[in-house]
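Please look through the sequence and the model shown below, and keep both at hand while reading the report that comes after them.

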Amino acid sequence: MPPHTYEHTGARIKHARKIRRLTQRELADLSHVSYSTITKVEQGALPASPSVLGALARALSVPVTELTGQPYLEELRQDQLDGLINPIREALNIYDLGPDPDVSPRPVEDLEADAEKLCAEVRATNIKQVAAALPGLIHEATTTAHTNPVDRSWQLLASLYRTAYDVTTKLGFPDLCTVALDRMDWSAQRASDPVLGGMRQYLRALAYLRASDYRTGKRLVHMGMATLEQAEPGRVRDAVTGQLHLGAAVLAGRDKDRETAEGHLGEAERIAERTGPAEKVHWLSFGPTNVGVHRVSVLAELDLYPEAVRCAEGITVPDGWPPSRHAHHYAEVARAEMWAGRTDDAFKSLVKARKLAPQQTRYHSTVRETYAGLEAARRRMPDSFNNFGSWLGM
């Protein structure tokens with residue numbers, strides 16, 4: 001079925017432009033996006049790439065999420081996920097209140113084990129289960145940290161705040177992502193843990209990538225690198241440093257700086273040769289496979305879509321690779337295939353993403369833009385294509 005006008009990204013862009021009392025040509029001049037592209041995007045004849053969305057959002061002085069329509073509240077209600085957000089918000093807000101007299105936390109070993117399970121569940125994309133369990137665990141860990149303020153307690157709390165960031169990111173709540181990262185920094189400082197501090201800067205850089213503020217994102221990467229220099233040398237520091245290079249590569253790619261992006265990819269590749277597969281080091285999925293899938297993402301950000309597709313074809317994802325990362329990769333591949341004119345392959349990649357991680361895929365803005373682009377192509381698609389659109393809420 002065709003998307004409703006009010007759900008269409010192009011319609012949101014048009015609405016924001018009219019509020020600013022700008023013509024399409026004036027918006028083109030402000031954003032450095034071509035008039036033709038803006039016209040086609042507003043009509044729904046062309047999907048908006050992440051770089052185009054970022055440029056238009058900056059020119060219109062609105063968050064990118066206002067143009068993408070996140071969070072997708074109707075779908076969240078259907079999946080009974082909307083009611084899980086406010087408890088997370090409340091758990092993030094009691095960080096500095098000291099021990100809660102109504103909370104009797106379990107031993108720290110039990111809390112650490114549960115925190116690790118939540119990290120694993122996030123990578124398995126069981127978002128609803130994680131969102132339901134997370135607030136209570138944060139309450140317990142907060143009381144533990146204030147009652148026994150040792151490094152171990154603060155590290156536990158920082159890990160849970162990181163999981164809150166993961167959940168709120170995947171469900172499309174950027175305001176809560178920011179709060180969770182601030183709480184993670186607060187805990188990491190009390191733990192005197194430079195690895196957690198560096199990782200927090202990496203995650204913060206990704207938040208700025210999604211907000212299309214590439215300059216700030218790059219600065220945060222540099223800060224993260226500097227913070228990690230204070231950590232003990234070894235595989236853990238290497239894995240987090242490598243992940244920072246991957247984040248920097250995507251930022252440079254989105255900013256159309258191929259030389260810088262290639263430099264960061266090269267450095268990440270050299271680090272991955274030392275670490276080998278290190279997916280469970282702070283659950284960052286770092287390793288040779290992640291370097292390869294990031295190369296696909298960078299090529300797509302550089303608008304080199306046929307190259308991105310060829311690069312993806314050369315990647316063999318090992319069994320047991322985190323479904324969350326694997327599904328995200330398929331979403332990126334689908335976008336590249338769509339722009340390369342391989343519409344049938346693009347839809348197949350979207351279906352693979354859904355099979356691997358249905359909850360994550362349903363709330364992924366790239367998936368929705370790619371689906372809209374395939375629909376706009378007006379190519380003959382299988383019956384399952386319309387079913388997929390209904391599932392997305394489009």
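The report below goes through aromatic pairs, nonpolar cores, two helices and a few backbone details of this structure, which is a predicted model.

## Aromatic rings

A search of the whole structure finds eight aromatic pairs. One of them joins F347 and F388, whose rings are 5.7 Å apart from centre to centre, with 85° between the planes, an arrangement that is edge-to-face. Because F347 belongs to helix α19 (residues 343-356) while F388 belongs to helix α22 (residues 383-392), this pair ties together parts that are 41 residues apart in sequence. As for their surroundings, F347 and F388 are both buried.

F388 also pairs with Y371, and here the ring centres lie 6.0 Å apart with the planes at 20°, so this pair is stacked; a pair counts as stacked when the planes are under 30 degrees apart. Since Y371 sits in helix α21 (residues 365-376) and F388 in helix α22, the pair ties together parts that are 17 residues apart in sequence. Y371, like F388, is buried. In a wider view, ring pairs link F347, Y371, F385, F388 and W391 into a cluster.

Which charged residues sit over aromatic rings? Two cases are listed in the table, with the distance from the charged residue to the ring centre.

| Charged residue | Ring | Distance to ring centre |
|---|---|---|
| R354 | W391 | 4.0 Å |
| R368 | Y72 | 3.7 Å |

The ring of W391, over which the charged end of R354 sits, is also a member of the cluster described above.

## Nonpolar cores

In soluble globular proteins, nonpolar side chains tend to be buried together. In this model, the largest nonpolar core has 77 residues, and those with the most contacts inside it are L157, L160, V167, L171, M184 and F286. When residues up to four places away in sequence are not counted, V167 touches I88, V122, I127, V130 and A131. Apart from this core lies another one, of 19 residues, which includes A16, V52, A59 and L60.

## A tyrosine in helix α10

Is Y165 buried or exposed? With a relative accessible area of 3%, Y165 is buried, and its place is in helix α10 (residues 151-170). Leaving out residues up to four places away in sequence, Y165 touches C177, A180, L181, L203, L206, A207 and R210. With L203 there is also a polar contact, in which the side chain of Y165 reaches the backbone oxygen of L203 at 3.3 Å. Y165 and R152, by comparison, are 13 residues apart in sequence and lie 20 Å apart in space, taken from C-alpha to C-alpha.

## Helix α15

Helix α15 (residues 258-275) consists of 18 residues and reaches 25 Å from its first C-alpha to its last, which is close to the 26 Å expected at 1.5 Å a residue. The buried residues of α15 are A261, H264, L265, G266, A268, I271, A272 and T275, and what covers them includes α14 (235-254) and α16 (288-301). After α15 comes G276, a residue whose phi is positive, near 65°.

## Backbone details in loops

Two residues other than glycine also have a positive phi, namely S61, with a value near 60°, and D303, with a value near 65°. S61 is placed in the loop between α4 (50-60) and α5, and it counts as exposed because its relative accessibility is 57%, where the cut-off for exposed is over 50%. D303, which lies in the loop between α16 and α17 (305-313), is partly exposed, with a relative accessible area of 37%.

Another detail concerns a peptide bond: the one from Q70 to P71 is cis, with omega near -5°. P71 itself lies in the loop between α5 (64-68) and α6 (73-78).

Finally, H8 is found in the segment before α1 (9-19). Its relative accessibility of 17% means that H8 counts as buried, since buried stands for under 20%. The side chain of H8 reaches the backbone nitrogen of G10 at 2.9 Å.

Notes. Residues numbered from 1 in each chain as written. Predicted model: local features only at pLDDT ≥ 70, side-chain atom pairs only at ≥ 80, totals over all residues. Heavy atoms only, no water. Phe/Tyr/Trp six-rings, centres within 6.5 Å; stacked < 30°, edge-to-face > 60°. Helix = DSSP H or I, 4+ residues; strand = E, 2+ residues; numbered from the N terminus. Buried < 20%, exposed > 50% of the residue type's maximum accessible area, 1.4 Å probe, protein only. Lys NZ or Arg CZ within 6 Å of the ring centre and 35° of its normal. Expected span 1.5 Å × (residues − 1). Contact = heavy atoms within 4.5 Å. Polar contact = N/O pair within 3.5 Å; in protein donor to acceptor, adjacent residues only side chain to side chain. Core = buried A, V, L, I, M, F, W, Y, C linked by side-chain atoms within 4.5 Å.
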